[in-house]
Amino acid sequence: MASVYFWIIFVSRIEHKIMLRSIKQLYGDKLGASDGEIGHVKDFYFDDQNWGIRYVVADTGSWLTGRLVLISPHSLGRLVQAGKVLRVNLTRKQIENSPSMGSHLPVGRQFEEAYHEYYGWPYYWQGDALWGMSGVPMMELPSPPPSRASGSPPQCKDAHLRSTLAVNGYHLQTSDGPLGHVCDFMMDDQTWGIGQLVIKTGHRLSGKEVQIPVCNVERISYEESTVYVHLTSEAVEHSPAHFADAMAEVV
């Protein structure tokens, strides 16, 4: 079965050009539900094991004060901007009645289970693909919330969700020493998978920016505010240059 899903993912990547979008340039974009605005993009939470953007963090202003509102890419489908607005395939009432997690990280797996059950979306942590059993988030309307009685709950595993805002600015540690810092993330606009880290080498103001694939990341140390990579300083310095465009095509 896993080979079937791999083939689906493989074919889907052939059928579309992989376009990487700058995460940094999405901050501040408005979020529009099917019946009105719900705020703007404040942050993104990504899975530091599979490098998938799992939630858009919405700043709802005075609408839902004191509450962290998470929007899953399941409700956005492919990342398409209508000007500077991201369209969310949900109503304001659905979002208001969704499970509340308070106002800060970490996001616990218990909350994620309740969140996905409320909307009727599959668990992204169950399966071999980026979105569990699929390489892309669902784009159709969510189904009615499933009942726990209809099946056994999934085994709880620790969530590995991190803030892109928080990791931005982390030092880069190569195999032979420190070099620069993280200054952006480049995300596939169809799968919501982070493909590249943008690294600023040298001085924070005068240094150049390069892109390195996330497959070269060994680990992220949140205690040290450092990203460790399986690359030498020379390899990073000679990585492809990054230009401050909102979109880049991967060939």
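The exercises below, each with a worked solution, concern a predicted model of one protein chain.

**Exercise 1. The chain as a whole**

Find how many helices and strands the chain holds, and what share of its residues is buried.

Solution.
- Step 1. Count the elements: the chain has five helices and 14 strands.
- Step 2. Take the burial: of the 251 residues in the chain, 47% are buried.
- Step 3. Turn to the contacts with a separation of 6 or more: 60% of them join residues 24 or more positions apart.

**Exercise 2. Confidence along the chain**

Determine where in the chain confidence is lowest and where it is highest.

Solution.
- Step 1. Start with the average: the pLDDT of the chain averages 84, and 79% of the residues score at least 70.
- Step 2. Look for the two ends of the range: helix α1 (residues 2-15) has the lowest confidence, with a mean of 43, while strand β13 (residues 226-229) has the highest, at 98.
- Step 3. Look at the stretches under 50. Residues 1-14 stay under 50 in pLDDT, and the model gives them eight contacts beyond four places in sequence. Residues 145-154 are also below 50, with twelve contacts in the model beyond near neighbours in sequence.

**Exercise 3. The surroundings of helix α3**

Work out which residues of α3 are buried and which elements they pack against.

Solution.
- Step 1. Locate the helix: α3 covers residues 109-119, and eight of its eleven residues are buried.
- Step 2. List the buried residues: they are R109, F111, E112, E113, Y115, H116, E117 and Y119.
- Step 3. Recall a rule about spacing: an α-helix has 3.6 residues a turn, so residues three or four places apart point the same way.
- Step 4. Name the partners: the buried residues of α3 pack against the strands β4 (53-59), β5 (69-71) and β7 (161-163), and against helix α2 (92-96).
- Step 5. Check what follows the helix: G120 comes after α3 and has a positive phi, near 80°.

**Exercise 4. Two aromatic pairs**

Classify the ring pairs F46 with F185 and Y118 with Y119.

Solution.
- Step 1. Decide what to read off: a pair of aromatic rings is described by the distance of the centres and the angle of the planes.
- Step 2. Set the number of pairs: the structure holds 13 aromatic pairs. For F46 and F185, the centres are 5.7 Å apart and the planes meet at 45°, and the pair is tilted.
- Step 3. Place these two rings in the chain. F46 belongs to strand β3 (residues 36-47) and F185 to strand β9 (residues 177-188), so their pair ties together parts 139 residues apart in sequence. F46 is buried because its relative accessible area is 0%, and F185 is buried too, at 1%.
- Step 4. Treat the other pair: the ring centres of Y118 and Y119 are 4.8 Å apart with the planes at 75°, so this pair is edge-to-face.
- Step 5. Compare with the cut-offs for burial, which are under 20% for buried and over 50% for exposed. Y118 has 24%, so Y118 is partly exposed, whereas Y119 has 2% and is therefore buried.
- Step 6. Widen the view: Y118 and Y119 belong to one aromatic cluster together with Y55, F111, Y115 and W121.
- Step 7. Add a neighbour: S98, in the loop between α2 and α3, touches Y118 and Y119 as well as R67, leaving aside residues up to four places away in sequence. S98 is buried, with a relative accessible area of 8%.

**Exercise 5. The contacts of D48**

Decide whether D48 is buried or exposed, and find which side chains it joins by polar contacts.

Solution.
- Step 1. Place the residue: D48 is in the loop between β3 and β4.
- Step 2. Apply the cut-off: D48 has 18% relative accessibility, so D48 counts as buried.
- Step 3. List the contacts: not counting residues up to four places away in sequence, D48 touches H160, R162, I220 and Y222.
- Step 4. Pick out the polar ones: the side chain of D48 has a polar contact of 3.4 Å with that of R162 and one of 2.8 Å with that of Y222.
- Step 5. Connect the two partners: R162 lies over the face of Y222, 4.0 Å from the ring centre.

**Exercise 6. The nonpolar cores**

Identify which residues of the largest nonpolar core touch the most other members.

Solution.
- Step 1. Recall the general tendency: in soluble globular proteins, nonpolar side chains tend to be buried together.
- Step 2. Read the largest core: it has 58 residues, of which L70, I71, W192, L197 and V227 touch the most other members.
- Step 3. Note a second, separate core: it has five residues, including L20, C183, M186 and V198.

Technical notes: Residues numbered from 1 in each chain as written. Heavy atoms only, no water. Buried < 20%, exposed > 50% of the residue type's maximum accessible area, 1.4 Å probe, protein only. Helix = DSSP H or I, 4+ residues; strand = E, 2+ residues; numbered from the N terminus. Contact = heavy atoms within 4.5 Å. Phe/Tyr/Trp six-rings, centres within 6.5 Å; stacked < 30°, edge-to-face > 60°. Lys NZ or Arg CZ within 6 Å of the ring centre and 35° of its normal. pLDDT = per-residue confidence, 0-100. Polar contact = N/O pair within 3.5 Å; in protein donor to acceptor, adjacent residues only side chain to side chain. Core = buried A, V, L, I, M, F, W, Y, C linked by side-chain atoms within 4.5 Å.
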